[in-house]
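Dear colleague,

I am handing over the structure below, and my notes on what was found in it follow.

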Amino acid sequence: MKKRKLIALLLAGAMALGLAACGGGGDTTQTPAGGETTPAGTETGAGGETETKTVKVGLICIGDENDQGYTYNFIRGKDAVTEKLAAKGINIDWQIKWNIGEDSSCEEANIELAEEGCQLIINNSFGFEPFMLKVAPDYPEIEFIACTNQASWCDDLDNTHNAFANIYEGRYLAGVAAGMKMQEMIDNGEITAEQAVIGYVGAYSFAEVISGFTAYYLGAKSVCPSVTMKVQFVGSWSDATEEGNAAQALCDAGCIMISQHSDNTTPATAAQNAGVFHTGYNNDMISVAPESSLISTRIDWSVYFEYAIEAVANGEEFDQDWCHGMDEGAVVMTELNEDIAAEGTAEKLAEVEEQIRSGALQVFDTSTFTVEGAELTTCMALDTDGDFVADSEEAVFDGAFHESYFQSAPYFTVEIDGIEWLNSAFG
Amino acid sequence: MHDPHSPLIRLAKRDAMPRGQVWAIRGASFVAAFLISALIFLLMGHSPVEAYGTMISGSLGKPTAIRQTVRIAIPLLGTALAIAPCFKMRFWNIGAEGQITAGAVGASYFALFWADKLPGPALLVVMAIAGAICGGLWGLVPAFFKAKWGTNETLFTLMMNYIMIGVVKWLQGGPWEGRPGSQIIPQFDSAAVLPKVLGVHCGWIIVLIMTVAMFVYMKYTKQGYEIAVIGESENTARYAGMNVGRIIMRTMFLSGAMAGLVGFIVASGADNTLHSGVAAGVGFTAITVAWLAQLNPFAMIAISMLLGILEKGADTLQTRLEVPASISDIITGIFLFCMLGCEFFINYRLILRGGHKEVAKQ
């Protein structure tokens, strides 16, 4: 008897709690909604320049900041732009979804953020785009961005955008730093000219990766003519163990300089353990490999975020396909490790950076490399019929291959002489 | 006084409990889950009332939210139905994950390569049949080994999951890859996409039909009866002249075929493509659904919706209150733990040392 009473009491309590929860639910949904609908007012309030505007921005991430690489780099961009725009009187209300997969959960995340009243939704991973495109038509008043992908120019939607940065420029500079180090070692008699071999840990044999390591190689070659390169693909954008193993295998194969297009710092530590040098990506890796890591390059996403979010705050349109590099500071170099870098590296980097910025130097200058012994004279950039073979827009003109010129996503997939692919099983 | 060797706490099987009491225990466990989760919210610095309110409004507050919740529940329900006959037979099929994936592969083959050769509705039917056959065959393999050589079906079905997921990874990076190097299979042609009914892909209708069919099959057919007899006692079944091996294989083919159908629904209706995570853990979560529903098909509808609400609600929680994603997982875990745990107390009772005279005497 007593037991039954107690249970009845508990059940009653549960129901009361449930009711309270429902009641509370009503309140909580209304408050933020009420707060967030004000930006609509700011769009119309063209006269009030001084008033603070609030933009609700959704960000969908494939990882979280713990990766210390790809997503972490977006978070840095997010924090930087929040500060920059606050100074301009624009507040950003971020709604972030972490660890979303490249599947229908991405579609759900886009719907959820749209329903929460975001005015701009940023998808940070390549594979998010197809799922974003299923949601975008239902919310024409919301702007959708798919970073690093490429459908916005052909999807017939006005509210979809792509963005990328000319990371190959940064890779070229990292290559210059690596090349100078190797040339210095050759000049000092530490290695022979033939021993100047770079080992590159790549994620997949994908345009973005191929474009990156080719730029890196050309940068190194510009200051160390005898350099060659071996590329090992790991078949994952982020697999700390495999990346470390690949770097180790490259060191064993005689590489004396390691670089990477993958998300973790294990190639840097593997390089340090093997006593060779390293240049990184996404993040400054000097702290994990102080005796090995020369320099890193990364995209500063805050440049694009500022451009896009400010446009949304002011009710203006913005480019559907955005790609800039060092010209706008969207690609930056991390600090140079002066203790181990070759002498004069800083000055040389500054000089080359200025040439890239001014357009005097083309990274993919066709006079600097050959394909099967011959100069590259023609190469298409875009695939218009969906068969994944580029068929239109000649990318080679004015003596250079123009990367990220016709669309923001990289399309350089040529295998040039001097770079040996150890595997391409992931292509 | 009492036997010093008897343990402090002992378990004893309960006799059948009155229905009212059973439900009271279930209610109490739900309340317990509610309170423990509330404690977690408090520790995180959020009001539990606000948190629960967010979960409910996030999962059921708007038509779009309800649709999303239903989308989560569809594969859960379908897969729980698929594994129910196996579990009834006491054949531990934990390979639904692989059978879903196998079904998705079969359906995707036709979606990718036959979209221009078959008219729309026919294409979908062919995809569904291909999905069911592939899933069924994938389920048949461990059943065959079990029937012929008595292999352990738990390990066998589990391992088969990883093989199939590996196959899809290979397809993704190899023969079916879209843009070179992307590791992504292209989106299906619109003809290969399940049409929407009331804003949700019509997989929900398919799984509801499956629910009724499974209920009838288990309750009113000879095959359903055979499954129940084998579940109670294999020897009895043998004595009654049933071909146990054949029934095991037949049931596993059926189970795999239904999971394969779910694979088709997910690939065609939700993802519109094939990827290695197509099953997304549904094959395992569905085991929970099936158990909580005590293998009753209609109860599975409620349980899978409840899990859908928990998942979608937890998702909204993450967005609105900015709690880490792992907190949402913890809340879901607490609810499942309490709800499954209470079944234990319904079936067993705890006996403290010397607490029960009658038992102490034994």
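**Cores and the seven-stranded sheet**

The largest nonpolar core has 122 residues, and those with the most contacts inside it are Ile121(A), Ala177(A), Ile198(A), Ala220(A) and Ile309(A). Such a core is a set of buried Ala, Val, Leu, Ile, Met, Phe, Trp, Tyr and Cys residues joined through C-beta atoms within 7 Å, and buried means that 20 or more other C-beta atoms lie within 10 Å of a residue's own, with C-beta atoms placed from the backbone. Apart from this core lies another, of 102 residues, including Phe253(B) and Leu317(B).

This is a predicted model, in which local features need pLDDT of at least 70 and side-chain atom pairs count only at pLDDT 80 or more, while totals for chains, interfaces and linings use all residues. Residues are numbered from 1 along each chain as its sequence is written, and chains are lettered from A and ligands numbered from 1 in the order in which they are written.

In chain A, an open sheet of seven strands has the order S12-S10-S9-S8-S6-S7-S17, with mixed pairing (strands are DSSP runs of E, at least two residues, and helices runs of H or I, at least four, numbered from the N terminus; two strands pair if DSSP finds at least two bridges between them). Strands S12 (331-333) and S17 (419-421) of chain A stand at the edges, each with a single partner strand, so one side of each is left without a neighbour in the sheet.

Within the sheet, S6 (residues 197-202) and S8 (residues 257-261) of chain A pair in the parallel sense over five bridges, and Gly199(A) stands opposite Ile258(A) in S8(A).

Best regards

Note on methods. Buried ≥ 20, exposed ≤ 12 C-beta atoms within 10 Å, placed from the backbone.
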